[in-house]
Amino acid sequence: MEYNTCHSWEEFAQAAPGSVGGWMTMVEREYLFQLAKQMQSGQRFLEIGVFGGTTLSMFAMLGPPGLEVIGMDSWENTTANADPDTGEFVDLRTFCVRNLQKNGVADRVTLVDGSSHAHGQLWTLPLDVLLIDGDHTYPVVLSDMQQAR
């Protein structure tokens, strides 16, 4: 299916084969849905803190070929999640990879293992969109924003 023909987050969520749940409000989901549809080939999207891969899947599914989609996560302090298909409890990274595979975009997403603090000091690639959704404490979010400049 051509997911970029979907007109709303709800339409996209119904059409996507893998889990597109997560902790976002409907306003956040719709905003990111519209942003993903506006991305262009050659642009780079980085999400810090990927949880189950919902946003990564959406950007990879809705974005054009040539959009670079990157997810960074330390995978620390993660609880096991039950895979909705098997009922098996798996770690969060495995859960994310399975969702990317179900949505057919595992080959379009690059996962970077490690903290944003460690990688942020070494990051040199320009970013078109940075979504900070990792550690939700003020000092860490502020640090991520300062390193992104």
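## A walk along strand 1 and its surroundings

Start by selecting strand 1 (residues 44-48) together with strand 6 (residues 129-132), which pair with each other in the parallel sense over 4 bridges. Helices (H or I, at least four residues) and strands (E, at least two) are DSSP runs, numbered from the N terminus, and two strands pair if DSSP finds at least two bridges between them. To find one of these links, pick I48: its bridge partner in strand 6 is I132.

A word on what is on your screen: this is a predicted model, in which local features need pLDDT of at least 70 and side-chain atom pairs count only at pLDDT 80 or more, while totals for chains, interfaces and linings use all residues. Residues are numbered from 1 along each chain as its sequence is written, and side-chain values use heavy atoms, with hydrogens and water left out.

**Stop 1: the sheet**

Now add strand 2 (residues 68-73), which pairs with strand 1 in the parallel sense over 5 bridges. To go from strand 1 to strand 2, the chain passes through helix 3 (residues 54-62), making a right-handed β-α-β crossover. Right-handed here means that, with the strands pointing away from the viewer, the path from the first strand over the helix to the second runs clockwise. Two pairs of bridge partners are handy to click: R44 with E68, and L46 with I70.

Next, show the whole open sheet: 4 strands in the order 5-2-1-6, with parallel pairing. Strand 5 (109-113) and strand 6 stand at the edges with a single partner strand each, so one side of each has no neighbour in the sheet. From one strand to the next, the twist averages 15°; axes are lines fitted to C-alpha atoms, for helices over the stretch in contact, and angles run from 0 to 180 degrees between N-to-C directions.

**Stop 2: which way the side chains point**

Turn on the side chains of strand 1. R44, L46 and I48 point one way, F45 and E47 the other. Is this strand enclosed or open? It is largely enclosed by the rest of the structure, because 5 of its 5 residues are buried. Buried means under 20% relative accessible area, exposed over 50%, and partly exposed in between (1.4 Å probe, protein chains only).

Compare strand 6: V129 and L131 point to one face and are buried, while L130 and I132 point to the other and are not. In a regular strand, side chains alternate between the two faces of the sheet.

**Stop 3: two salt bridges**

The whole structure holds 2 salt bridges, each defined as a side-chain nitrogen of Lys or Arg within 4 Å of a carboxyl oxygen of Asp or Glu. Zoom in on R44 and E68, whose closest N and O atoms are 2.9 Å apart. The two residues are 24 apart in the chain, R44 in strand 1 and E68 in strand 2. R44 counts as buried at 15% relative accessibility, whereas E68 is partly exposed at 30%.

Then select R93 and D113, which meet in a salt bridge at 2.9 Å, N to O. R93 belongs to helix 4 (residues 92-102) and D113 to strand 5, so this pair ties together parts 20 residues apart in sequence. R93 is partly exposed at 29%, and D113 is partly exposed at 42%.

**Stop 4: the nonpolar cores**

A nonpolar core is a set of buried Ala, Val, Leu, Ile, Met, Phe, Trp, Tyr and Cys residues joined through side-chain atoms within 4.5 Å. In the largest one, of 31 residues, select F12, F45, L56, F59, V69 and V109, which touch the most other members. Helix 2 (26-38), helix 3, helix 4, strand 5 and strand 6 each give at least two residues to this core, and helix 3 supplies the largest share, 6 residues. Another core of 5 residues lies apart from it, including L46, I48, M72 and V112.

**Last stop: M24**

Finish at M24, in the loop between helix 1 (9-15) and helix 2. Buried or exposed? M24 is buried, with a relative accessible area of 16%. Beyond the residues up to four places away in sequence, M24 touches R29, L32, T54 and T55, where contact means heavy atoms within 4.5 Å. M24 and T55 are 31 residues apart in sequence and 9.6 Å apart in space, C-alpha to C-alpha.
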